[in-house]
Amino acid sequence: PNKMNKLIIFIFVLSLMAVYGCTSSESMSGPITFKEGVERINEIDEKYGATMETPPNSTEKIDMLLMQITGFAASHQDMPSSLKYIVDFRISSLKAEKLHIEGWQWGKSSSIDYGFGCRKGSARILNSSRIRNASAQKGLESLDSLQLLVDNFPIEAKSINLTQKDILFLNAAYYIVQEKAERDARVIKSACAEHLRKG
């Protein structure tokens with residue numbers, strides 16, 4: 001059943017990309033510009049209550065937004081590099097956010113901050129910390145594209161209110177997520193070492 005679900009999703013993504021490619025007015029009027037692309041991405045974001053800075057509030061909406069932006073990218077393969085950096089950033093940062101939400105799926109029990117028990121909590125916290133660490137890594141990866149945009153296309157970056165300060169802020173935020181995830185894992189592995197050996 002799991003493989004069948006993945007196949008259905010894959011077919012859906014392909015059909016969505018094909019439909020988007022056929023109906024997109026931009027694809028029929030020549031190469032898309034940076035400004036047109038950003039406007040289109042903003043329109044897609046708006047449908048899911050998102051912005052460049054704020055992701056959707058559920059993994060389901062993130063999945064739908066990812067499919068739409070992936071479809072947009074597939075139908076504009078000749079987009080300028082400046083726009084490609086934005087698209088790459090959006091895709092990676094949304095994947096990071098989805099992982100972050102999944103990492104907190106157990107609520108307060110996802111972290112050591114509210115106490116934990118080795119028998120019931122150690123496996124859950126280790127799993128959560130692994131997912132949150134993956135989220136931070138994907139988030140840091142997304143910043144490579146923003147850095148390229150700021151370095152190589154400062155006018156375009158400024159037009160969407162993006163500066164080096166924003167990159168530094170996001171970099172620090174992802175590092176905090178990474179450090180907390182690693183700390184949780186270290187504490188559990190130390191405090192619950194005997195339980196983990198038996199398990």
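Accessible area is the surface computed by the Shrake-Rupley method with a 1.4 Å probe, and on that basis the chain in this predicted model exposes about 11600 Å², of which carbon and sulfur atoms supply 58%. The chain has 199 residues, and 38% of them count as buried. Its secondary structure consists of nine helices and zero strands, and this briefing goes from the whole chain to the core, then to one serine, and finally to the disulfide and a histidine.

**The chain as a whole**

- Read from the N terminus on, the elements follow the order α-α-α-α-α-α-α-α-α, which agrees with the count of nine helices and zero strands.
- Among the contacts in the chain with a separation of 6 or more, 71% are made by residues that stand 24 or more positions apart.

**The largest nonpolar core**

- In soluble globular proteins, nonpolar side chains tend to be buried together.
- The largest nonpolar core of this chain holds 33 residues, and the members that touch the most other members are Phe72, Leu83, Ile86, Val87 and Leu149.
- At least two residues of this core come from each of helix H3 (34-47), helix H4 (59-75), H5, helix H6 (118-152) and helix H8 (164-191), while the largest share, eight residues, is supplied by H5.
- Leu83, one of the core residues named above, is in contact with Ile32, Thr33, Phe34, Gly37, Val38, Ile41 and Phe72 once its neighbours within four places in sequence are left aside.

**Ser93 in helix H5**

- Ser93 is found in helix H5, which covers residues 81-103.
- Is Ser93 buried or exposed? Ser93 has a relative accessibility of 11%, and because buried means under 20% relative accessible area, this serine counts as buried.
- A polar atom of the Ser93 side chain lies 3.2 Å from the backbone oxygen of Arg90.
- When residues up to four places away in sequence are not counted, Ser93 touches Ser142 and Tyr174.

**The disulfide**

- A search of the whole structure finds one disulfide, and it is formed by Cys118 and Cys192, whose sulfur atoms are 2.0 Å apart.
- Which parts of the chain does this pair tie together? Cys118 lies in helix H6, whereas Cys192 lies in the loop between H8 and H9, so the disulfide ties together parts that are 74 residues apart in sequence.
- The torsion about the S-S bond of Cys118 and Cys192 is about -80°, and the disulfide is therefore left-handed.
- The two cysteines can also be described by their accessibility: Cys118 is partly exposed, with a relative accessible area of 25%, whereas Cys192 counts as buried at 1% relative accessibility.

**His195 in helix H9**

- His195 is found in helix H9, which covers residues 193-198, and this histidine is partly exposed, with a relative accessible area of 31%.
- How many residues apart in sequence are His195 and Cys118? The two are 77 residues apart in sequence, and in space they are 6.6 Å apart from C-alpha to C-alpha.
- Not counting residues up to four places away in sequence, His195 touches Cys118, Arg119 and Ser122.
- One of these residues, Cys118, also has its backbone oxygen 3.1 Å from a polar atom of the side chain of His195.
- Cys118 thus appears twice in this briefing, as a partner of Cys192 in the disulfide and as a residue that His195 touches.

Conventions:
Residues numbered from 1 in each chain as written. Predicted model: local features only at pLDDT ≥ 70, side-chain atom pairs only at ≥ 80, totals over all residues. Heavy atoms only, no water. Helix = DSSP H or I, 4+ residues; strand = E, 2+ residues; numbered from the N terminus. Buried < 20%, exposed > 50% of the residue type's maximum accessible area, 1.4 Å probe, protein only. Contact = heavy atoms within 4.5 Å. Polar contact = N/O pair within 3.5 Å; in protein donor to acceptor, adjacent residues only side chain to side chain. Core = buried A, V, L, I, M, F, W, Y, C linked by side-chain atoms within 4.5 Å. Disulfide = S-S within 2.5 Å.
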